[in-house]
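Colleague: Before I rely on the labels attached to this fold, could you take me through the reasoning behind them?

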Amino acid sequence: MTLQLATRTQNAINAGDQFASIEDAQVVAMFLHGRSKNTERKYRRDLDAFGCWLNGRSFRSMTLPDLQNWSSTLTGAPKSIRERIATVRAFFQWSTRLGVIRLNPAAMLQQPKVRGAMHERIMTEDERESVLNAASSHRDKVLLQFLFVSGVRVSELVALKVKDFRFADDGSYAVTIYRRKTNRIDVQTHTLPELTKGIRELVDGRGADDAVFRSTGAPATIGTRAGQNADGPLDASAVWRIVKAAAKRAGVTKPVSAHWLRHSCGSRLARRGVSAADIANWLGHSSIQTAMTYIHIEKAPDLSHHFA
């Protein structure tokens, strides 16, 4: 066996080491390949748990009743159960498309309904401004503002390189965003002089392949991957801590996260009358359904005068 083949085989085993055979583990490895780090980590965790439940059986032998029995053993919050079932459904759908199995037994597997709670994760204008103004450094101030204006996912933010920004003489810039979740590349133009100035200061003197948002080795990151990689790219966990620390300093008691700034972006666009299609394009959604939720929240009709 060649070294390259041996490495691929070992990676496959590691990727699906809870599955019955090397062949099944290799299918899991192929399913995980090329996904973002966060998605791969989540899928791996869910599929490892599913592999444990299989208890030596091959996933290829599963029927719909088998999968229904599996789903009935899941415990936890409905949202967590729904996400674990979604992972297994995605894996079986992908395996069917690959030709590993002929029919997809998970196609009719039901997921628990989850109450929509996006409206609970949208800050008020005052809360958002307080968080944006509570940054502890120039880098963090630019990072928070960029998260809000662009609405990017954290994984997209930390992947940004200097070469992804093109600055114009009028104080604007264009940024190329690589959206691995939806497998597309988008370009946004921002005409905000203060943000442009902030980005320019972060990238000044840097190489084209350098990360825009880099670790400083500050106390907040000591003991983390970001702290160990001083002057290297921030990792996602560091971004989440930056946002939470700003919210705490701002006195916002809600469980604010980086993704809340993405929701705030969609909410602001909906409030300003931007169409669902344009919101979806700006945020990199694969469909307009999520964007429609922002519009439903911000543009809820007032028909109460009919009862006056």
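Modeller: I will begin with the surface: the accessible surface of the protein chain comes to about 16,900 Å², and 53% of that belongs to carbon and sulfur atoms. Please keep in mind that this is a predicted model.

Colleague: What share of the 308 residues of the protein chain counts as buried, and what makes a residue buried?

Modeller: A residue is called buried when its relative accessible area is under 20%, and by that cut-off 41% of the 308 residues of the protein chain count as buried. The chain itself has 14 helices and three strands.

Colleague: How do you know that the span of helix α5 agrees with what its residues should give?

Modeller: The expected span is 1.5 Å times one less than the number of residues, so the 21 residues of α5, which runs from 78 to 98, should span 30 Å, and since the end C-alpha atoms are 30 Å apart, the two agree. Buried in α5 are Ile81, Ile85, Thr87, Val88, Phe91, Phe92 and Ser95. These residues cover an arc of only 145° around the axis, and therefore they lie on the same side of α5.

Colleague: Which helices do the buried residues of α5 pack against, and what follows α5?

Modeller: The buried residues of α5 pack against α2 (22-32), α3 (37-54) and α4 (64-72), while the helix is followed by Gly99, whose phi is positive, near 95°.

Colleague: How does the reach of helix α11 compare with the expected value?

Modeller: Helix α11, residues 236-250, has 15 residues and reaches 21 Å from its first C-alpha to its last, close to the 21 Å expected. Its buried residues are Ala236, Ala238, Val239, Ile242, Val243, Ala246 and Ala247, and just after the helix Gly251 takes a positive phi of about 80°.

Colleague: Why are β2 and β3 said to pair?

Modeller: Two strands pair if at least two bridges are found between them; β2 and β3 (residues 184-190) have seven bridges, in the antiparallel sense, so they qualify as paired. One of the partners is Ile185 in β3, which is bridged to Tyr178, and in the hairpin of these strands, with four residues between them, Asn183 takes a positive phi near 55°.

Colleague: How many bridges join β1 to β2, and what makes β2 mostly covered?

Modeller: Three bridges join β1 (residues 165-167) to β2, and the strands run antiparallel, with Phe167 opposite Tyr173 in β2. Strand β2, residues 173-179, is called mostly covered on the count that six of its seven residues are buried.

Definitions and conventions:
Residues are numbered from 1 along each chain as its sequence is written. This is a predicted model: local features need pLDDT of at least 70, side-chain atom pairs count only at pLDDT 80 or more; totals for chains, interfaces and linings use all residues. Side-chain values use heavy atoms; hydrogens and water are left out. Helices (H or I, at least four residues) and strands (E, at least two) are DSSP runs, numbered from the N terminus. Buried means under 20% relative accessible area, exposed over 50%, partly exposed in between (1.4 Å probe, protein chains only). The arc is that of the directions from the helix axis to the C-beta atoms. Contact means heavy atoms within 4.5 Å. Accessible areas come from the Shrake-Rupley method with a 1.4 Å probe; for residues, only the protein chains shown count as cover.
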